[in-house]
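Student: I would like to go through this structure and ask why things are called what they are called. Please show it first.

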Amino acid sequence: MKNSIALILLLAFSFGFSQSKFSKTEAEKFQKQINSEYADAKTSPLMEEDLKTFKTLDFYPIDGKYFVNAKFEKAVNEKVFEMKTTGTRTPQYIKYGTLSFTINGVSMKLNVYRNIELSKQKEYKDHLFLPFSDLTCGKESYIGGRYIDLKIPKGKTIAVDFNQAYNPYCAYNHKYSCPLVPLENDLKVEIKAGVKTFH
């Protein structure tokens, strides 16, 4: 059971999906929500000993420059594939589209994916999965990269707030099996936003 819910990391975060301009309040709400989930033994991925002393995750300072309205290009004729994970599970995904955006004057692209099983559930039918790694990984942020939850956009742009990037559950507990960031989603820049490494 733990393996299956590891995929759905914090999908309860429904805020921030449709905004088109940066909101510090939304980023603060994200931090408050994730801290509250991690402090609760029923929803926390933390190991028992870490949960006992948990106060807050470590976040980068909220910064509006890490909020982008990315150009969204829907993928065509993509095949379903098995995404590698930290465990033996190989959940099925499909590349749903490509996001193009600029941060600090640097043009970047990231692929966004759709989980086949999850998309069959009514509440997640519009959910998109954005895994990425960057030059902070293994230093200030988790070595395995981070995730952002998005919703299928209605138009040609999609709001992405890197201040709401979070770690896979396996960053906190080896019992979980988490999708590995595809090589094409490795950014050659530092994204100093979102959740930092634990410990």
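Student: Why is Asp126 called partly exposed?

Tutor: Its relative accessibility is 33%. Buried means under 20% relative accessible area, exposed means over 50%, and partly exposed is in between, with a 1.4 Å probe and protein chains only. The value of 33% is neither under 20% nor over 50%, so Asp126 counts as partly exposed. This is a predicted model, where local features need pLDDT of at least 70, side-chain atom pairs count only at pLDDT 80 or more, and totals for chains, interfaces and linings use all residues. Residues are numbered from 1 along each chain as its sequence is written, and side-chain values use heavy atoms, with hydrogens and water left out.

Student: What makes Lys125 and Asp126 a salt bridge?

Tutor: A salt bridge needs a side-chain nitrogen of Lys or Arg within 4 Å of a carboxyl oxygen of Asp or Glu. Here the N to O distance is 3.6 Å, so the pair meets the rule. Lys125 is partly exposed, at 40%.

Student: How do you know that Asp134 and Arg146 form one?

Tutor: Their side chains meet at 3.2 Å, N to O, so the same cut-off is met. Asp134 lies in the loop between β5 and β6 and Arg146 in strand β6, so the pair ties together parts that are 12 residues apart in sequence. A strand is a DSSP run of E with at least two residues, a helix one of H or I with at least four, and both are numbered from the N terminus.

Student: Are these two residues buried or exposed?

Tutor: Asp134 is buried, at 3%, and Arg146 is buried, at 0%.

Student: How many salt bridges are there by this rule?

Tutor: The count comes to 7. One of them joins Glu190 and Lys192, with the closest N and O atoms 4.0 Å apart. Bridges with shared partners join Glu140, Glu190 and Lys192 into one network.

Student: Why is the pair of Phe81 and Tyr113 called edge-to-face?

Tutor: Rings of Phe, Tyr and Trp (its six-membered ring) pair if their centres lie within 6.5 Å; planes under 30 degrees apart count as stacked, over 60 as edge-to-face and the rest as tilted. These two centres are 5.9 Å apart and the planes are at 70°, so the pair is edge-to-face. Phe81 lies in strand β2 and Tyr113 in strand β4, so the pair ties together parts that are 32 residues apart in sequence. Phe81 is partly exposed at 29%, whereas Tyr113 is buried at 1%.

Student: What makes Tyr147 and Tyr166 edge-to-face?

Tutor: Their ring centres are 6.0 Å apart and their planes are at 85°, so they meet the rule too. Both residues are buried.

Student: Which residues touch the most other members of the largest nonpolar core?

Tutor: They are Leu99, Phe101, Leu150, Val160, Phe162 and Ile191, in a core of 25 residues. A nonpolar core is a set of buried Ala, Val, Leu, Ile, Met, Phe, Trp, Tyr and Cys residues joined through side-chain atoms within 4.5 Å. The largest share, 4 residues, comes from β3. A second, separate core of 22 residues includes Phe30, Phe59, Tyr147 and Cys170.

Student: Why is Gln31 called buried?

Tutor: Its relative accessible area is 17%, and the limit for buried is under 20%. Gln31 is in helix α2, residues 24–39.
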